[in-house]
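Colleague: I have a chain to look over before I go back to the bench. Can you take me through it?

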Amino acid sequence: MATDDRNPDSVIEKGKARLSPPPLYKVMLINDDFTPMDFVVKILRHFFLMDEETATHIMLQIHNEGAGICGIYPSDIAVTKVKQVNEFSRQNQHPLMCVMEKE
């Protein structure tokens, strides 16, 4: 133990602070009957930085299963991605929904 020179009565203990990792959230796209498949691929490539093959695979999963995971992120990044995708979809007049769910 060491003493603090500014206050001789205080004691500073050395220890390891344990930080838990931030909670993670799945960012998902929800299938609808109106958004074109090529627009979904465009979203996946632009906002989630996927290559063409991966984006096509995820798009088909969304189409066939009703939803697909685009990525897993800490809360602030997940919120930002959801907002960006939903705004971009609306600007392009598509009802595509992007949502997040706790991992």
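What follows is a short exchange about this predicted model.

Colleague: In what order do the elements of the chain run from the N terminus on?

Modeller: The chain has three helices and five strands. Read from the N terminus, their order is β-β-β-α-α-β-α-β.

Colleague: What share of the contacts between residues at least 6 apart joins residues at least 24 apart?

Modeller: Some background on the chain helps. It has 103 residues, and 33% of them count as buried. About 7500 Å² is exposed, with carbon and sulfur atoms supplying 53% of that area. Among contacts between residues at least 6 apart in sequence, the share joining residues at least 24 apart is 66%.

Colleague: How far apart should the ends of helix α1 be, given its 12 residues?

Modeller: Helix α1 covers residues 37-48. The rise is 1.5 Å a residue, and the expected span takes one less than the number of residues. The end C-alpha atoms of α1 lie 16 Å apart, so the model agrees with the expected value, 16 Å.

Colleague: Which elements cover the buried residues of α1?

Modeller: The buried residues of α1 are F39, V40, V41, I43, L44, F47 and F48. Just after the helix, L49 takes a positive phi of about 55°. The cover over the buried residues includes β3 (24-30), α2 (52-65), β4 (67-74) and α3.

Colleague: Is the aromatic pair of F39 and F88 stacked or edge-to-face?

Modeller: The structure holds three aromatic pairs. In the pair of F39 and F88, the ring centres are 5.7 Å apart and the planes differ by 5°. Planes under 30 degrees apart are the criterion here, so this pair is stacked.

Colleague: How many residues apart are F39 and F88?

Modeller: F39 counts as buried because its relative accessibility is 6%. F39, F47 and F88 form one aromatic cluster. F39 sits in helix α1 and F88 in helix α3, so the pair links distant parts of the chain. Their separation is 49 residues.

Colleague: What kind of aromatic pair do F48 and Y73 form?

Modeller: Both F48 and Y73 are buried. F48 lies in helix α1 and Y73 in strand β4, so their pair ties together parts 25 residues apart in sequence. The centres are 6.4 Å apart and the planes are at 35°, which makes the pair tilted.

Colleague: How far is the sulfur of C70 from the nearest cysteine sulfur?

Modeller: The whole structure has zero disulfides. C70 is buried, with a relative accessible area of 7%. C98 is buried too, at 2%. C98 is in no disulfide, and neither is C70, whose nearest cysteine sulfur, that of C98, is at 5.6 Å.

Colleague: Is H94 buried or exposed?

Modeller: H94 is found in the loop between α3 (75-91) and β5 (97-102). Its relative accessibility is 18%. The cut-off is under 20%, so H94 counts as buried.

Colleague: Which residue offers a backbone oxygen 3.4 Å from a polar atom of the H94 side chain?

Modeller: Start with the wider surroundings. Leaving aside neighbours within four places in sequence, H94 is in contact with T35, P36, F39 and S89. F39 also belongs to the aromatic cluster. The backbone oxygen 3.4 Å from a polar atom of the H94 side chain is that of N92.

Conventions
Residues numbered from 1 in each chain as written. Predicted model: local features only at pLDDT ≥ 70, side-chain atom pairs only at ≥ 80, totals over all residues. Heavy atoms only, no water. Helix = DSSP H or I, 4+ residues; strand = E, 2+ residues; numbered from the N terminus. Buried < 20%, exposed > 50% of the residue type's maximum accessible area, 1.4 Å probe, protein only. Polar contact = N/O pair within 3.5 Å; in protein donor to acceptor, adjacent residues only side chain to side chain. Contact = heavy atoms within 4.5 Å. Areas by Shrake-Rupley, 256 points an atom, 1.4 Å probe, with all protein chains shown as cover. Disulfide = S-S within 2.5 Å. Phe/Tyr/Trp six-rings, centres within 6.5 Å; stacked < 30°, edge-to-face > 60°.
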